[in-house]
Amino acid sequence: MERALLQLLEPVKDRFTEGNAGLHLGDFAVHYGERSARMEAFSRMLWGLAPLWSQGGGLKYLPLFREGLANGTDLEHPAYWGPVAGCDQKIVEMDAIATTLMLCGGRLAPSEREARFAQDYLYWFEDGGRAVPFGRSLTYRFGQCAFFSALSFAGVEALPWGVVKSRVLGNLRDWFAQPIFSSDCLLTVGYGYPNLCVGENYNAPGSPYWALKAFLCLALPEEHPFWRAEEEIPSLDPLRSLPKARMLIARPGGQVQLFPAGQSCVCQLGQVGPKYEKLVYSSRFGFSVPRGDSLEEGAFDSCLAVSEAGEDRWRTQRGFDAFQVGENYTWRRFSPMRGVTVEVTVAPCFPSHRREYRITTDRPISAPSSAPRRPSPEC
C-alpha cells in the first residue's frame, strides 16, 4: 500500500505553485477557476499523506505541505487560497485538511449505518476486486474501495477483516494494471483510460487524486488486524435486490451486473444520462457515452434508442415516469420523445438478461435495442 501511494505522489513533487500552496497538474479548465483547481490538487494528496504521516511515513513530503497549508490560509500571502463563498469547491477540499488535522489524535466514529451499507456494497465488486462503473465521478477510479479502507480506520467490524482487505487490495491491484496514467506518470481524467468525454465539468487536472482516500488504512498501526488478516473472498448470493438503491445486482460467471431502475440525475454535469439510466452495467464491459445524436456517434449500448422513422437523430431515456424493483426483475416507464412511451422489464438470466418492451407511439419510429459493448482488441 505504501509503495503504491508513493508511486502516485512522486510525479507531483516538482509541480508545486507559489508558496507550495497548490499543484499545477494540467492545462484544461473547470468552472471553479484555476486557483481553486490548484488548491484541489494540493489538498487531495493529503488523503494519502495524512494516514501515512500518522504512522511516521512519508516525512519528506511533510515540509512542503506544511508550508503550503500555512501560506494557503494566510490572508497576507500571495498564495492565499481566497475566501469561501456560495458553492465553492474549496468547501469540498476542506474535508481532506480536516482529516489531516484530525489524524493527530482522532478517529472517525463508527456507525450502524456503515455496517449495513457494507453488506450491500460488497456486491459491487468481482472476487478479484474490479467494480461496476456506474454514476458520475468515475474519474476517481480506486476511490471505489475507499469505503472499505475507511471502515478499517473507523474500527467498524462490519465484515471479516480479510474480506475488507481483499476489497481494498484487489481493487488497487486491478486499477494499477490499467492504462490510467499519463506519459509523465500523473493520474488522468477518464476511467479505464484517459478520456475527457467521460468526465464532468468539475473535473480539474488534480481531481482524480480524490482516489487517494483509498489509502486511509495506512493510518492503521502494523499490529492492526487489517494488516494481519489473510485476504478472504466472501460467499455472496448470485442475485441481490437493493430496493432502496433502486437496483438489482447479479454476479454471473465472475462478473458483476447492475440493473438499475428509477435512477436519474437532474444536474447537467456531463453525460449523466448514460451514467445512470442504462438498462444494465457490467464490471467487464464498459459503457459508452455519446459524441453526437447520430446512430454512429451515439454508440448506444444497454439501452433503447428512438428516432423518427427515416431520420438519424436518436434519443434515449432521460428521466422516468414510474419504476419497480422486484426480487428478480426491474421495470420502468419513460418517454424518450413526445408522443412515445416505453415500458421495459429487465430480468437477469445468467449469464445474460432478458428484456421485454412495450412501446406506444402516435407515429412511425425506429427503435433499436442494444447490448453491452465488448471492448475491441485494438482499444
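**Entry 1: helix α7**

I take buried to mean under 20% relative accessible area. The model I am working on is a predicted one. With that cut-off I went to helix α7, residues 161-176. I counted its buried residues: 14 of the 16 fall in that class, so α7 is largely enclosed by the rest of the structure. Next I checked its span. The first and last C-alpha atoms of α7 are 23 Å apart, close to the 22 Å expected at 1.5 Å a residue.

**Entry 2: the nonpolar core**

I then looked up the largest nonpolar core, which has 84 residues. Which members touch the most others? They are Met45, Phe65, Trp124, Phe142, Phe148, Leu212 and Phe215. I listed the elements that each supply at least two residues of this core: α1, α2, α4, α5, α6, α7, β2 and α9 (272-276). Helix α2 gives the most, with 10 residues. The general background I noted is that nonpolar side chains tend to be buried together in soluble globular proteins.

**Entry 3: the largest pocket**

Empty space came next. The largest pocket has a volume of about 1400 Å³. I found 41 residues in its lining. Nearest the pocket centre lie Phe117, Tyr121, Gly143, Gln144 and Phe147. Which elements give two or more residues to this lining? I have α4 (89-102), α5 (112-121), α6 (146-154) and β1 (239-242). Helix α5 makes the largest contribution, six residues. By class, the pocket lining splits into 24 nonpolar, eight polar and nine charged residues.

**Entry 4: the cavity**

I also searched for enclosed space. How many cavities of 30 Å³ or more does the structure hold? I found one. The volume of the largest cavity is about 50 Å³. I wrote down its lining residues in chain order. They are Leu23, His24, Leu25, Gly26, Glu34, Ala37, Arg38, Ala41, Ala204, Pro205 and Gly206. Six residues of this lining are nonpolar, three are polar and two are charged.

**Entry 5: strands**

I turned to the strands. One open sheet has four strands in the order β1-β2-β3-β4, with antiparallel pairing. Which strands sit at its edges? They are β1 and β4 (281-282), each of which pairs on one side only. I looked at one pair in this sheet. Strand β3, residues 257-260, is joined to β4 by two bridges, in the antiparallel sense. Gln257 stands opposite Ser282 of β4.

A second pair is β6 (residues 322-325) with β7 (residues 330-337). These two run antiparallel and share four bridges. I checked the connection: a hairpin of four residues leads from β6 to β7. Within the pair, Gln324 is opposite Trp331 in β7.

**Entry 6: backbone oddities**

I scanned the backbone for a cis peptide bond. One joins Phe350 and Pro351, with omega at about 5 degrees. Where is Pro351? I place it in the loop between β8 (340-349) and β9 (352-361).

I then looked for positive phi outside glycine. Asn20 has phi near 60 degrees. The residue sits in the loop between α1 (2-9) and α2 (34-54). Is Asn20 buried or exposed? Its relative accessibility is 14%, so Asn20 counts as buried.

Arg246 also has a positive phi, near 60 degrees. I find Arg246 in the loop between β1 and β2 (247-250). At a relative accessible area of 33%, Arg246 is partly exposed.

**Entry 7: one long separation**

Last, I looked at Lys13, in the loop between α1 and α2. Lys13 is partly exposed, since its relative accessible area is 31%. I took its C-alpha separation from Gly155. The two residues are 142 residues apart along the chain. Their C-alpha atoms are separated by 32 Å.

Technical notes:
Residues are numbered from 1 along each chain as its sequence is written. This is a predicted model: local features need pLDDT of at least 70, side-chain atom pairs count only at pLDDT 80 or more; totals for chains, interfaces and linings use all residues. Side-chain values use heavy atoms; hydrogens and water are left out. The expected span of a helix is 1.5 Å times one less than its number of residues. Buried means under 20% relative accessible area, exposed over 50%, partly exposed in between (1.4 Å probe, protein chains only). On a 1 Å grid over the protein atoms alone, a cavity is a set of points where a 1.4 Å probe fits but cannot get out, and a pocket is an open set with protein on both sides within 12 Å along at least five of seven lines; lining residues have an atom within 4 Å of a point. Grid points are joined across faces, edges and corners, and a volume is the space filled by probe spheres set on the points. Ala, Val, Leu, Ile, Met, Phe, Trp, Tyr, Cys and Pro count as nonpolar, Asp, Glu, Lys and Arg as charged, and the others, Gly among them, as polar. Two strands pair if DSSP finds at least two bridges between them. A nonpolar core is a set of buried Ala, Val, Leu, Ile, Met, Phe, Trp, Tyr and Cys residues joined through side-chain atoms within 4.5 Å.
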